[in-house]
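Here is a set of short exercises to work through with the model open beside you. Try each task first, then follow the solution step by step.

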Amino acid sequence: MRRRKPPAVAPAPVPFAPGAARAHRAGLGLTPEQVAEGMAAHGVRLLPGHVLAWELGGSRPGEAELIALARALWCPVAELMDGRPTSLRDHRLARELTQETVAERVGMAPADYRRAELTGHWDGDPDQTLALAQALGLRLTELVEATGRGEALDRLLRQCVTGRWQSQLRPIARLVPVPEADLAAVLPVLHQEHHAPTYWGATASPRTATPPLTPRFWHLLSTRDPAVPV
């Protein structure tokens, strides 16, 4: 019996803010025709009606179209995106990079990188993860969010404070690309604070009312001045 292939995962629509595009065009005093001409200069040819349709929310530009539109409007791509970048794809678009370019900089097969963007699951090794942060200009907090590692990090941090932090050192290092020496300085502090009632407050037991650990972890790590900003 032939195995069925898993259903293909369709990429999410490109994040786009129609009002921002309209405001940028109006601010420059450009007509839709002039915007279309400007986009053609960047290799994307379309009708002025497409520009109007985007501004009215009737359709959205594709990746190449969004980048060309931003260049025609003399603004960063991020200013035309609906909300701040959160996913790998969003951050890549904000840097005006192709999937192939990022894959090359990270040292990963293009197909593997495309899969990471589609699924939101990143399984690169620590060196590739560090290269990803550098290629996309990500802070550590943005990196963990974009690679879908937030829940895993929170779980490991809780294991650090309820058990032996030493056993979680390498697993956390695989999620957060910083030297283990920095983690070895931060994790015991987190562990000690968890077991000090005066730190969490006299009215709350650390075992029953533990505040979120991840923000405190990032704060402690920021004091170490890691190569990748927090």
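Helices (H or I, at least four residues) and strands (E, at least two) are DSSP runs, numbered from the N terminus. This is a predicted model, where local features need pLDDT of at least 70, side-chain atom pairs count only at pLDDT 80 or more, and totals for chains, interfaces and linings use all residues. Residues are numbered from 1 along each chain as its sequence is written, and side-chain values use heavy atoms, with hydrogens and water left out.

**Exercise 1. The overall fold**

Count the helices and strands, then find what share of the chain is buried.

*Solution.*
- Step 1: the chain has 14 helices and zero strands.
- Step 2: apply the accessibility cut-offs, with buried meaning under 20% relative accessible area, exposed over 50%, and partly exposed in between (1.4 Å probe, protein chains only). Of the 230 residues in the chain, 41% are buried.
- Step 3: look at contacts, meaning heavy atoms within 4.5 Å. Among contacts with a separation of 6 or more, 62% are between residues 24 or more positions apart.

**Exercise 2. The two sides of α6**

Sort residues of helix α6 (residues 99–106) into buried and exposed, and explain how the buried ones are arranged.

*Solution.*
- Step 1: Gln 99, Val 102, Ala 103 and Val 106 are buried in α6.
- Step 2: these residues cover an arc of only 100 degrees around the axis, so they sit on the same side of α6. The arc is that of the directions from the helix axis to the C-beta atoms.
- Step 3: recall the helix geometry. An α-helix has 3.6 residues a turn, so residues three or four places apart point the same way.
- Step 4: turn to the other side of α6, where Glu 104 and Arg 105 are exposed.
- Step 5: find the partners. The buried residues of α6 pack against α5, α7 and α8 (126–136).
- Step 6: go just past the end of α6, where Gly 107 takes a positive phi of about 80 degrees.

**Exercise 3. A salt-bridge network**

Trace the salt bridges that link Glu 63, Arg 92 and Glu 117.

*Solution.*
- Step 1: fix the criterion. A salt bridge is a side-chain nitrogen of Lys or Arg within 4 Å of a carboxyl oxygen of Asp or Glu. The structure holds 12 of them.
- Step 2: start with Arg 92 and Glu 63, whose side chains meet at 2.8 Å, N to O. Arg 92 lies in helix α5 and Glu 63 in helix α4 (residues 63–72), 29 residues apart, so this pair links distant parts of the chain.
- Step 3: add Glu 117, whose side chain meets that of Arg 92 at 2.6 Å, N to O. This pair too links distant parts of the chain, with Glu 117 in helix α7 and Arg 92 in helix α5, 25 residues apart.
- Step 4: check burial. Arg 92 is buried because its relative accessible area is 1%, and Glu 117 is buried as well. Glu 63, at 29% relative accessibility, counts as partly exposed.

**Exercise 4. The largest pocket**

Describe the size and the lining of the largest pocket.

*Solution.*
- Step 1: know how a pocket is found. On a 1 Å grid over the protein atoms alone, a pocket is an open set of points where a 1.4 Å probe fits, with protein on both sides within 12 Å along at least five of seven lines; lining residues have an atom within 4 Å of a point.
- Step 2: the largest pocket holds about 210 Å³ of space. Its lining has 12 residues, and the closest to its centre are Pro 11, Ala 12, Arg 89, Glu 117 and Leu 118.
- Step 3: α5 (88–94) and α7 (110–119) each supply at least two residues of the lining. The largest share, three residues, comes from α7.
- Step 4: the lining divides into five nonpolar, two polar and five charged residues. Here Ala, Val, Leu, Ile, Met, Phe, Trp, Tyr, Cys and Pro count as nonpolar, Asp, Glu, Lys and Arg as charged, and the others, Gly among them, as polar.

**Exercise 5. The surroundings of Leu 136**

Which residues is Leu 136 in contact with, leaving aside its neighbours within four places in sequence?

*Solution.*
- Step 1: Leu 136 lies in helix α8 and counts as buried, at 2% relative accessibility.
- Step 2: its contacts are Leu 88, His 91, Arg 92, Arg 95, Leu 97, Val 102 and Tyr 113.

Conventions. Points joined across faces, edges and corners; volume = space filled by probe spheres on them.
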